[in-house]
Amino acid sequence: MLPESKSIHSSSAGPGAPARSRARPGFAETVANWSARHRAMAIGGWFALVVLATLAGALTGGESARAVDPGEAGRAQEMIDAQHDVGSVRENVLIRSGQAGGGRRFAEDPELREAAADLVSRLRRTGAAVRDVGSPSSPHGERWTSRDGGSGLVTFEVAGPDERLEDNYAAAVRAVQEVRERHPGVRLLQAGDRSLSAAVNEGIKDDLSRVERTSLPLTVLVLLAVFGSLVAAGIPLLLAATSLAGAFGLLELVSLWVPFNSAASAIVLLIGMAVGIDYSLFYLRRLREERTAGKGVREALRTTARTSGHAIVASGVTVMACAVGLLLTGVDVFKGLTAGTLLVVGLSVLGSVTVLPALLATLGDRVDLARIPWLGRRRVTAVESRLWGGIARTVVRRPVVTGVATAAVLLAMALPVLGIRLQDAAVTASLPPGASAAVDAASAMQPVFPGVATAARVVVARTDGASADTSAVREAIGALHRQAAGSEGLLREPITTVPVGRAMVVRVPLAGAVTDPVANRALAVLRERALPATLGSVDGATYAVGGKTAMPYDFAQQVNGRTPAVFGFVLVLAFVLLAVTFRSWAIPLMSIALNLLSIGASYGVLVWVFQDGHLESLLGFTSYGGVVSWLPLFMFIVLFGLSMDYHIFVLSRIRERRAGGASPREAVAGGIAASAGVVSSAALIMTGVFTVFVTLSAIEYKMLGLGMALAILLDATVVRGVLLPAAMAILGERAWRGPLPAGHLDETPTPRSNSR
């Protein structure tokens, strides 16, 4: 074993490299050295921080901040919220024959008419639970009868206030069920605001529960295979778990001011697992390399902190900086996601430079206790990857041919993105048939009563704060029926109206599949023609259109309009951070180009699979002809940040070898070979976790899972294993030239000009 006083550069520089003078310790090394010397304080302080953060979140009182949708849909939501705990919840029940192939016309079928009358009577007997019941027996009853005459519709409002809403809804559901049981020959299918929202929420809950049950065992198995011992495998899980616990505790406090929902919670969980495990892998791998080289524990920890520790800080700052780009969208739901990402990544970085060195210093060689049979002996010693080392050496011998050919393949994969259609999935397209009775009911309603289960919601109020339930407003709302009749089928019936507090809520069914181009065209007719011609002529009245078509449309308009600014912000910021980190112009330009290639390829595959409808039976979905509007932007932000973990780590290893005197090409091949094990392991974990998303029920999660898993896989293999060495070999010594003074990524001297 080498003595502690031996030059810290000996293992990095390679055999025969001269000893170098010791540079001033950087931040990561300084903090890690302190933690290794004050182990009890570092470990105790970390767990105290996590406990305090968790307790602070648990003891937080007050109502969490609510997200407001962008655009006019958000204004409609605020107008409803201003009615003080009185909302508008509309439900619909389709009544049709239970016989296969249908039955007689509704007006001529006494069983159907009797079931409808029975339902109306039973709903009205619920007392204050239900109001504004509409049916084929109402005035203008033809509006509640399908155009083909074979089905009828009963609509009703679940009465408020909000604290009574769940009980009132339950009473209405019981009424529908009782009528269903009394008329077994009739089908009663219910779908509406509350039932569809519950279906979505239950779907999300079940999907996230499946992710949690599947991803943790998968991660444990990969870590055991990577490290070969229970103790070493447990350290990454410990860092990830404590960082997540602290982050979610602090998020409970932050959520008093920043909206944070369950979807953002799932993403923060994944990011926290990814970076926490990645950072531990980087640290443990380097420590084993230094111990294999003969260094003592303390000297090995110092070198690890100086190299991998510094790379962890640099990559963590890059991930957090990229996440800030989401704020430029101006969308409330992204604010909570940004806050969660900043907290969980920040804590993971802090833990990596404090408690991780302290734990490793305390454990020493006991970190490899409890070895797994057949794996333990082979995994304890860190060795270079022969496979990736061989690939890298082949690539650097013919960098132009291999680089151009590989880039051409990725560009070909990206070609479908030129025809991308950003379109959110309607709830009936999001969940597969059979996943929810309410979703199946809405799908059955759509052909006979288009848009009724997901109608546009027009909120009408007075500018002076008085009640909007006036004769002038009701007359204008009545004129909407004539507008619907002259809309060429874009605005449908039944149009319903109900007072909500001092406001009025008008439901207007829209043609189309809720979020498709036809529905968007119907929304435009409603906003730009029908409403200005009716409510727009009422003095003192104001209105806004929300609902399940308006909200995703306005959201997409806002996000798409801000996307160029977000992309520009992230690219410029990444360029600056990489330029400062590596003291080079070429490195950041190359890094950005490689990241764009892998992200573009994953975009193209998403379009080919989900928009064009390939692999439907294999992946268990039905294409609705689009890609979720927020997904490309979200993938760009997250992937650009996470891929920097690998990129900075690999480049740091290449630079170490070049600084130690290796030739440019040998430095590239050696750096790739030395980092391949940890990069492959980290990528395998993240790819596995995101692949789990492909098995979930919602099509949005399937898109997210496939896009992220593919991008990470391409990034860790094709990009890091082929394109990166090809680009570095082509650049040669020019890769390390820049306008900034030579600094230290890992406290190594600047590269020597001679090659070996």
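Author: Contact here means heavy atoms within 4.5 Å. Keep that cut-off in mind as we look around this model, which is a predicted one.

Reader: Thanks! Let me try it at once. Which residues of helix 11 meet helix 12?

Author: On the helix 11 side they are Gly351, Ser352 and Val353, and they meet Val355, Leu356 and Pro357 in helix 12. By class, this contact has four nonpolar and two polar residues, with no charged ones.

Reader: How are two packed helices described?

Author: Two numbers do the job: the angle between the axes and the distance between them. Take helix 11, which covers residues 332-353, and helix 12, residues 355-363. They pack at an angle of about 30°, and their axes are 3 Å apart.

Reader: What are the angle and the distance between the axes for helix 9 and helix 11?

Author: Helix 9 spans residues 262-292, and it packs on helix 11 at about 20° with the axes 9 Å apart. Angles under 35 degrees count as roughly parallel, so helix 9 is roughly parallel to helix 11. The crossing of these two helices is right-handed.

Reader: Which residues of helix 9 and helix 11 meet?

Author: Quite a list! From helix 9, the residues include Ala264, Ile267, Val268, Ile271 and Tyr283. Among their counterparts in helix 11 are Leu337, Gly340, Thr341, Val344 and Ser352. Sorted by class, the contact has 11 nonpolar, six polar and no charged residues. Ser352 is worth finding on screen, as it is listed in the contact with helix 9 and also in the one with helix 12.

Reader: Now for sheets. In what order do strands 1 to 4 lie?

Author: A sheet is read from one side to the other, and here the order is 2-3-1-4, in an open sheet with antiparallel pairing. At the edges are strand 2 (130-134) and strand 4 (186-192), each pairing on one side only. From one strand to the next the twist averages 20°.

Reader: How many bridges join strand 2 and strand 3?

Author: Three bridges, in the antiparallel sense, with strand 3 running over residues 152-158. For one place to look, glycine 134 stands opposite threonine 155 in strand 3.

Reader: Which strands does helix 6 touch?

Author: Helix 6 (residues 162-182) packs on the sheet and touches strand 1 (89-97), strand 2, strand 3 and strand 4. Its direction makes about 165° with that of strand 4. Helix 17 (residues 437-448) lies across strand 1 and strand 4, and runs at about 100° to strand 4.

Reader: Where do the side chains of a regular strand point?

Author: As a general idea, they alternate between the two faces of the sheet. With that in mind, let us visit another sheet, an open one with the order 6-7-5-8 and antiparallel pairing. Its edge strands are strand 6 (496-500) and strand 8, and its twist averages 20° from one strand to the next.

Reader: Is strand 5 largely enclosed or not, and why?

Author: Count the buried residues: five of the seven residues in strand 5 (456-462) are buried, so the strand is largely enclosed by the rest of the structure. Strand 5 has five bridges to strand 7 (residues 503-508) and six to strand 8 (residues 541-546), again antiparallel. Valine 458 shows both pairings: its bridge partner in strand 7 is valine 506, and it stands opposite valine 545 in strand 8. Further along, alanine 461 stands opposite threonine 542. Helix 18 (residues 471-485) lies across strand 5, strand 6 and strand 7, at about 5° to strand 7.

Reader: And single residues? Is serine 681 buried or exposed?

Author: Buried counts as under 20% relative accessible area. Serine 681 has 10%, so it is buried. This serine is in helix 24 (residues 664-694). Leaving out residues up to four places away in sequence, serine 681 touches Val222, Val226 and Leu281.

Reader: What is the relative accessible area of alanine 533?

Author: Alanine 533 has 47%, which makes it partly exposed. You will find it in helix 19 (residues 517-533). Its C-alpha atom is 8.8 Å from that of leucine 480, although the two residues are 53 residues apart along the chain.

Conventions. Residues numbered from 1 in each chain as written. Predicted model: local features only at pLDDT ≥ 70, side-chain atom pairs only at ≥ 80, totals over all residues. Heavy atoms only, no water. Axes fitted to C-alpha atoms, helices over the stretch in contact; angles between N-to-C directions. Helix = DSSP H or I, 4+ residues; strand = E, 2+ residues; numbered from the N terminus. Nonpolar A, V, L, I, M, F, W, Y, C, P; charged D, E, K, R; others polar. Pairing = 2+ DSSP bridges. Parallel < 35°, antiparallel > 145°, perpendicular 65-115°, else oblique. Left-handed = near helix turned anticlockwise from the far one by under 90°. Buried < 20%, exposed > 50% of the residue type's maximum accessible area, 1.4 Å probe, protein only.
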